[in-house]
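This report walks through one protein chain, moving from its charged pairs to its aromatic pairs and its surface. Please keep the sequence and the model in view while reading.

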Amino acid sequence: MLMEKKEILNRWSEYVEDRLKDDKCKKPKIKKTIEGPTILGEEVEAAIKKMKNGKATRPDNIPVEIIKALDNLGIDLTTKLFNAIYDSGTIPEDLCQSVFIVLPKTPGAAECELHRTISLMSHFTKILLRVWIQRMRKSIRPEISQKQFGFMPDKGTRNAIFTLSMLTERCIEMQKDLHLCFIDYFKAFDKVKHVELFRILEKLDIDGKDLRVIRNLYWDQTASVRIEGEHSDF
C-alpha cells in the first residue's frame, strides 16, 4: 500500500502508460500530396454547436461556454487557429496534452485495475476533432459495416437491445433454443496500434493535410495523471 503522494502519482503514471503503451516508430511519411480545402467558419460553427456545456476542462482551462459566448468572434478566431494548424501541420502543445483522472469502480478500491480512467482534453481539441470527423465521414462510412450498432446513423445500442429482446421473445414463443455469445475485449480500445491505423487511413480517400494533422496529433500527444489536485509529469 502506497501512502506518499509522489509514489502514488508515479504508480498511476506507470499504470496508465503501460495500459496505453504502443511502440510507435518514427512519424510515418505522408505519401499523398499535402493539400486540402480550407476550413470554413460554417464547419467550425456546426462543431461548436454540438459541444455540450458543463464539461470539465484541461489543461488550458478554457470551457466551450466562453467560445460560444464570443459568438461570431469566437467562430472567426477558432477558424483562423484551425486553418493555421491545417496549413502548417503543427498542433500547439496545449492541444496535444490531456489529463487523466481516476474514478473507483467500487468503494474502497485500492488497486489501479479497480478504477476507471477518464481523459480530459482541451475543448479546442474536441472541436477540431469534430471538424475532422465530419470531413472524413464520407470516406470512412463505406468501410463501416451496416451491422455496427453505435457507429451508424439510426443504429444505436438501444436498437441492438430491442432486436435481441424481440428475438428472445420469439424463441420463447416458438419454444426454440437460443444461444448467445458475449465477447469481452479486455481494454480493447486502449491498445490501438497507431501505425496500422494510419496505414488504413492512407488507403482511404482522405486529403494529405488531414492525414498530417491526424498523424501529428497521435505522435505528439502527451498526458499526465491528476490525483487529489496534484499532477504527474507529462
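Is E196 buried, partly exposed or exposed? The model is a predicted one, and in it E196 has a relative accessible area of 40%, which means that E196 counts as partly exposed.

**Overall architecture**

The chain contains nine helices and four strands, and along the sequence these elements follow the pattern α-α-α-α-α-β-β-α-α-α-α-β-β. Taken along the principal axes, the C-alpha atoms fill a box of roughly 65 × 50 × 40 Å. Of the 234 residues in the chain, 32% are buried, while the accessible surface of the chain comes to about 16,200 Å², with 54% of that area belonging to carbon and sulfur atoms. Among contacts between residues at least 6 apart in sequence, 72% join residues that are at least 24 apart.

**Salt bridges**

The structure holds eight salt bridges, including the three listed here with the distance between their closest N and O atoms.

| Salt bridge | Closest N and O atoms |
|---|---|
| K5 and E230 | 3.7 Å |
| E43 and R135 | 2.8 Å |
| R199 and E196 | 2.9 Å |

The salt bridge between K5 and E230 links distant parts of the chain, since K5 belongs to helix 1 and E230 to strand 4 (residues 230–231), 225 residues apart. K5 is partly exposed because its relative accessibility is 22%, and E230, at 39% relative accessibility, is likewise counted as partly exposed.

The salt bridge between E43 and R135 also spans the sequence: E43 lies in helix 2 (residues 41–50) and R135 in helix 6, so this pair ties together parts that are 92 residues apart. The two partners fall into separate burial classes, in that E43 counts as partly exposed at 24% relative accessibility, whereas R135 has a relative accessible area of 19% and is buried. Because buried means under 20% relative accessible area, the value of 19% places R135 in the buried class.

The salt bridge between R199 and E196 lies within one element, helix 8 (residues 194–203), where the two residues are three apart, about one turn of the helix. R199 is partly exposed, with a relative accessible area of 45%, and E196 is partly exposed at 40%. Turning back to K5, salt bridges that share partners join K5, E228 and E230 into one network.

**Aromatic pairs**

How many aromatic pairs does a search of the whole structure find? The search finds three aromatic pairs, and one of them is formed by W12 and Y15, whose rings are edge-to-face, with 5.6 Å from centre to centre and 85 degrees between the planes. W12 and Y15 are separated by about one helical turn because they are three residues apart in helix 1 (residues 5–20). W12 counts as buried at 8% relative accessibility, and Y15 is buried with a relative accessible area of 6%.

Another aromatic pair is formed by Y86 and W132, which are edge-to-face, with 5.6 Å between the centres and 80 degrees between the planes. This pair links distant parts of the chain, with Y86 in helix 4 (residues 72–88) and W132 in helix 6 (residues 123–140), 46 residues apart. Y86 is buried, as its relative accessibility is 0%, and W132 is buried as well, with a relative accessible area of 3%.

The ring of Y86 has a further partner, for the charged end of R135 sits over it, 5.3 Å from the ring centre. R135 thus takes part both in this arrangement with Y86 and in the salt bridge with E43.

**A nonpolar surface patch**

Which residues make the nonpolar surface patch of about 470 Å²? The patch is made by L164, L167, L178, L180 and F182. L164 lies in helix 7 (residues 157–173), and at 32% relative accessibility L164 counts as partly exposed. Because patches are made of residues with over 30% relative accessible area, the 32% of L164 is consistent with its place in the patch.

Methods:
Residues are numbered from 1 along each chain as its sequence is written. This is a predicted model: local features need pLDDT of at least 70, side-chain atom pairs count only at pLDDT 80 or more; totals for chains, interfaces and linings use all residues. Side-chain values use heavy atoms; hydrogens and water are left out. Patches are made of residues with over 30% relative accessible area and no salt bridge: like charges are joined within 9 Å, nonpolar side chains (Val, Leu, Ile, Met, Phe, Trp, Tyr) within 5 Å. Accessible areas come from the Shrake-Rupley method with a 1.4 Å probe; for residues, only the protein chains shown count as cover. A salt bridge is a side-chain nitrogen of Lys or Arg within 4 Å of a carboxyl oxygen of Asp or Glu. Buried means under 20% relative accessible area, exposed over 50%, partly exposed in between (1.4 Å probe, protein chains only). Rings of Phe, Tyr and Trp (its six-membered ring) pair if their centres lie within 6.5 Å; planes under 30 degrees apart count as stacked, over 60 as edge-to-face and the rest as tilted. A charge sits over a ring if NZ of Lys or CZ of Arg is within 6 Å of the ring centre and within 35 degrees of the ring normal. Contact means heavy atoms within 4.5 Å.
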